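Student: Could you take me through one part of this model in detail, namely the place where two helices pack against each other, and then set that part in the context of the rest of the chain?

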Amino acid sequence: MASKQLRMIGLVAQSLLYVAAGVNHFWHSGTYVAIMPPHYSDPLLLVQVSGAAEILGGIGLLVPATRRFAAWGILAMLVVYFDVHFYMAMHPERFAAVPVWALYGRIPLQLVLIAWAWVYARPERSRG
């Protein structure tokens, strides 16, 4: 029973994380636009789309019928975000307000978030 409760706590925490992060994309769009690599032609649109995706993914995690789909979507989104994180790490002079350790620290953190999403992307084991 404790494992099931821990799984549910992790699910709710992850859901809240993505809903809050998605809302933040709209509240602080300028911050996110500023970290976008220059090879993207419409960074504001991408910030808004990714914010909406985070909100929908976070909500989708809470609905059993959409949980796995939402988790896979979050996983894919996190993989795409590596482009931004690598860009920031490779160009620390553009992000002087962010400590270099934080620019590099985002990369392993992304791996942790991917692993956390994977917990809910894979089929739940039934006890038989």
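Tutor: Before the packing itself, a word on how such an angle is defined: axes are lines fitted to C-alpha atoms, for helices over the stretch in contact, and the angle between two N-to-C directions runs from 0 to 180 degrees. Please keep in mind throughout that this is a predicted model. With that convention, helix α4, which covers residues 67-90, and helix α5, which covers residues 100-121, pack at an angle of about 170°, and their axes lie 9 Å apart. Because angles over 145 degrees count as roughly antiparallel, α4 and α5 are roughly antiparallel to each other. As for the composition of the contact of α4 with α5, its residues divide into 21 nonpolar, two polar and three charged.

To set this pair in context, the protein chain has five helices and zero strands, so that from the N terminus on its elements run α-α-α-α-α. The C-alpha atoms of the chain fill a box of roughly 55 × 30 × 20 Å, taken along the principal axes, and buried residues make up 35% of its 128 residues.

Nonpolar side chains also appear on the surface, where Met-8, Val-12, Leu-16, Ile-59, Leu-62 and Val-63 form a patch with about 510 Å² of accessible area together. Helix α1 (2-27) and helix α3 (43-62) each supply at least two residues of this nonpolar patch, and the largest share, three residues, comes from α1. One of the patch members, Leu-62, is found in helix α3; Leu-62 counts as partly exposed because its relative accessibility is 42%, a value that falls between the limits of 20% for buried and 50% for exposed.

Two further residues can be placed in the same careful way. Ala-13 has its place in helix α1 and is partly exposed, with a relative accessible area of 35%; Ala-13 and Gly-58 are 45 residues apart in sequence, while their C-alpha atoms are 9.4 Å apart in space. Asp-42, by contrast, is found in the loop between α2 (29-34) and α3, and Asp-42 is partly exposed, with a relative accessible area of 37%. The C-alpha atoms of Asp-42 and Val-112, which are 70 residues apart along the chain, are separated by 29 Å.

Notes. Residues numbered from 1 in each chain as written. Predicted model: local features only at pLDDT ≥ 70, side-chain atom pairs only at ≥ 80, totals over all residues. Heavy atoms only, no water. Patch = residues over 30% accessible without salt bridge, like charges linked within 9 Å, V, L, I, M, F, W, Y side chains within 5 Å. Areas by Shrake-Rupley, 256 points an atom, 1.4 Å probe, with all protein chains shown as cover. Salt bridge = Lys/Arg side-chain N within 4 Å of Asp/Glu carboxyl O. Helix = DSSP H or I, 4+ residues; strand = E, 2+ residues; numbered from the N terminus. Buried < 20%, exposed > 50% of the residue type's maximum accessible area, 1.4 Å probe, protein only. Parallel < 35°, antiparallel > 145°, perpendicular 65-115°, else oblique. Nonpolar A, V, L, I, M, F, W, Y, C, P; charged D, E, K, R; others polar.
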